[in-house]
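Here's a friendly walk through one protein model. Have a look at the sequence and the structure, and then we'll go through some parts of it together.

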Amino acid sequence: MPTTPRRLLAALALTPLLAGCFAAGGGGSTGAGAAGTEGRLRVALAVPPAKALSPFSNDATVLSKLSIAEGLTALDASGTAAPALATSWKRDSATAWTFELRKATFQDGTPVTAQSVVTALAHANRATPKPRVLSDVDLTARAVDTDTVTLTTKSADPVLPLRLASPALAVLAAKAYAADGTVSPVGTGTGPFRITRLTGRTKATLDRYDGYWGGRARTAGVDVTWIADGTARANALRSGTVDIAEWIPTAQAKLLDQDTRHEVPSVRTDSLILNTGGGLFTDPALRAAARQAVDGSALVDSVFSGYADPAQGLFGPAVPWAAGRRAAVTGRPQAATPAQVKAEAAGRTLRLATYTNRAELPEAATVLQQQLEKAGFTVKQDVREYTQMEADLLAGKYDALVFSRVTLLDTGDAVAYLASDFTSTGVYNIAALKNTSVDRAIRAAAEESDTTKRRQKIMRAEAEILRTDAVVPLVHEKVVQGIAAGVEGVTLDPRERALITLDTHRE
C-alpha cells in the first residue's frame, strides 16, 4: 500500500519517479492523527505573503507547508506522485489521463467534485502571470461525472501526476475564485487546517478543520507570524515566542541548542543570475567575465558557516542522480579581460540585486561585489525584501541577482524548473534567456518518459544553460529549521514544500 500524504514525515528522499499509472485506496487514517492533542502551535515563516496567499503566486508553498490546501496528488517520500484529492489515476493516451476523486469536503462545507477540479485548473490557466508549473504545458480539464475528471495536454506530458502535486495547483472551493482574478484560500481549502484570519502580511490564524478526509489533526490550530529578518526568527525560537522557525540563518544556527537545530539536505541552489535581455550582460563576453570572476566556494565557510557545498551545477548533492550524469559544458564565449571590461562598461553601473529574506544572501552579494569589481565592473547593490522586488526582477530592471532557488519545488521533476526559469517563454525567466539550443534541450527532456533517459536529457539541458552564462551556480545550501524541544511530527523536507502536518504536535 503506498504512503498517503498524512504520513510524509521526517526527511524526504529525492528520487523523483515517473508514475505512468498509479492506483491507491482512499479513505482517511485513524492512527496517530485521530488521537487529538489539544493546544496550538506558533510558527515563524520567512517570506511575507505577496498576494494574500494566492496559490497562483510564490505564496503557494505556504498552503502546503501549513497543510491548508491540497491538489489532486502529493509527493511521497521518494518523490513519486501519491494520492491526495485523487485516489487513483490512469493514462488513457499520450495526452489524456483520468483521475478518480475521493470523498472530501472543502472547509466551507461544500463537496469536492470533478467540477471543482475543472474550475480550479481553469483559473490557474487564466492567471496572470501563469503559475510556473504550467509554463511548459497546456492543460485542459473535463468533468466526466461527479467523481471523475479527465485531464488532457496539448503534447505528451509523462509527469503530469507529479505536476499536479504542485502547491500552485491546489483545488479550492468555488467561492475562492473572484471575478477579478483574485483567489482567496481563507476557509476554502481541503487540508486539516483552515485559515480563519489573515492579517495583511504579518499574521495568520489557522484552526483545525475537523471535516478533513484524512482524520483529525493532533493540534488545535497554528498561529503564524511572518518575520523577514532571520536573526529575529532565531531569537523568537530561543526566547520561546515561537515553537517552529523556518530558515534559521547559518550564523545563528550554532547559537541554538543542539536539540532545536535541525539540518536538512536541500535541493536549494544559490546562483548569480545575469540578465541577458538588457543592460551590461547582453554581451556574452561580459557574462563570461562575470562567471570567471565569481568564486562561490569562497562563500561556503565565510558566509554559510559550512552549511553549504560548493556548486556542482544547477543540481547539487541532494539530487543524487545528477552527479553521475553531468554533461561537459563546452563552447563558452571567451571572457573579456579586466581592461576590456572597464572599457566596455565605462560609465555604466552593474546593478546587483538580492533580498533580505535569506540572511546569507546580502552577505554573499557583498563578497560577489568585491569579486566583480576586481574583474573591472562598477557595482551597486539593491537589497530589499523579496516581495518588494519580484516585479522589478521579472521586468529586467537589474543586471544581476544573487538568487536562492529550490530546484525541485514546483513538481519534484527538474524539467518544470528548467522550463519556467530558462526557456524563451518561461514565466520565471529572470535571466530573460532566449536561446534556441536551450529551448530544444529542455523540450527534449520534457517529452521523454523513460526515467533514466529523462534524467540524462535534463543534464544535457543543464549544460546548454550553463554554456550561455545566464546563470552562475554558487553553492548548494543546507537548510536549518528551528524546532522547540517537545514539538513532534514536523516534516523536514528537502523540497521545502511541507512543514506542519496532521501529526505535528507538542508533547
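## A pair of helices to start with

Which way do α11 and α12 run relative to each other: roughly parallel or roughly antiparallel? Before the answer, a word on what you're looking at. This is a predicted model, where local features need pLDDT of at least 70 and side-chain atom pairs count only at pLDDT 80 or more, while totals for chains, interfaces and linings use all residues. Residues are numbered from 1 along each chain as its sequence is written, and side-chain values use heavy atoms, with hydrogens and water left out.

Two packed helices are described by the angle between their axes and the distance between the axes. Helix α11 covers residues 414–422 and helix α12 covers residues 436–447; they pack at an angle of about 155 degrees, with axes 10 Å apart. That makes α11 and α12 roughly antiparallel, because angles over 145 degrees get that label, those under 35 count as roughly parallel, 65 to 115 as roughly perpendicular and the rest as oblique. Axes here are lines fitted to C-alpha atoms, for helices over the stretch in contact, and angles run from 0 to 180 degrees between N-to-C directions. Helices (H or I, at least four residues) and strands (E, at least two) are DSSP runs, numbered from the N terminus.

The crossing of α11 and α12 is left-handed (the near helix is turned anticlockwise from the far one by less than a right angle; clockwise would be right-handed). On the α11 side, Val415, Leu418, Ala419 and Phe422 meet Val438, Asp439, Ile442, Ala445 and Ala446 of α12, where contact means heavy atoms within 4.5 Å. Sorted by class, this contact has 8 nonpolar, no polar and 1 charged residues. For those classes, Ala, Val, Leu, Ile, Met, Phe, Trp, Tyr, Cys and Pro are nonpolar, Asp, Glu, Lys and Arg are charged, and the others, Gly among them, are polar.

## Another partner for α11

Helix α11 also has helix α13 (residues 451–467) to deal with: their axes come within 10 Å and cross at roughly 25 degrees. So α11 and α13 are roughly parallel to each other, and α11 passes α13 in a left-handed crossing. Ala414, Val415, Leu418 and Phe422 of α11 make this contact with Arg454, Ile458, Ala461 and Ile465 of α13. The tally by class is 7 nonpolar, no polar and 1 charged residues.

## The loop between α11 and α12

Gly426 sits in the loop that links α11 and α12. Is Gly426 buried or exposed? Gly426 is buried, as its relative accessible area is 15%; buried means under 20%, exposed over 50%, and partly exposed in between (1.4 Å probe, protein chains only). Setting aside neighbours within four places in sequence, Gly426 touches Ala419 and Ser420. From Gly426 to Glu447 you count 21 residues in sequence, and the two are 17 Å apart in space, C-alpha to C-alpha.

## A covered strand and a covered helix

Now turn to strand β13 (residues 261–274), which is mostly covered, with 10 of its 14 residues buried. Strand β13 runs antiparallel to β18 (residues 471–483), joined by 10 bridges, and Ile273 stands opposite Val471 in β18. Strand β17 (residues 400–406) is also antiparallel to β13, with 7 bridges between them; here Asp270 stands opposite Ser404. Two strands pair if DSSP finds at least two bridges between them.

Helix α6 is mostly covered too: 7 of its 10 residues are buried. What covers them includes β13, α8 (338–344), α9 (360–374) and β18. One residue of α6 (residues 284–293) is Arg291, which is buried at a relative accessible area of 17%. Beyond neighbours within four places in sequence, Arg291 is in contact with Arg332, Pro333, Asp469 and Val472.

## A few backbone oddments

Ser67, in the loop between α1 (60–65) and β3 (73–75), has a phi near 55 degrees, a positive value in a residue other than glycine. Ser67 is buried, with a relative accessible area of 14%. Ser305 lies in the loop between α7 (297–302) and β14 (308–310); its phi is near 50 degrees, again positive in a residue other than glycine. Ser305 is partly exposed, at 28% relative accessible area.

Lastly, the peptide bond from Thr128 to Pro129 is cis, with omega near -5 degrees. You'll find Pro129 in the loop between α2 (114–126) and β7 (139–145).
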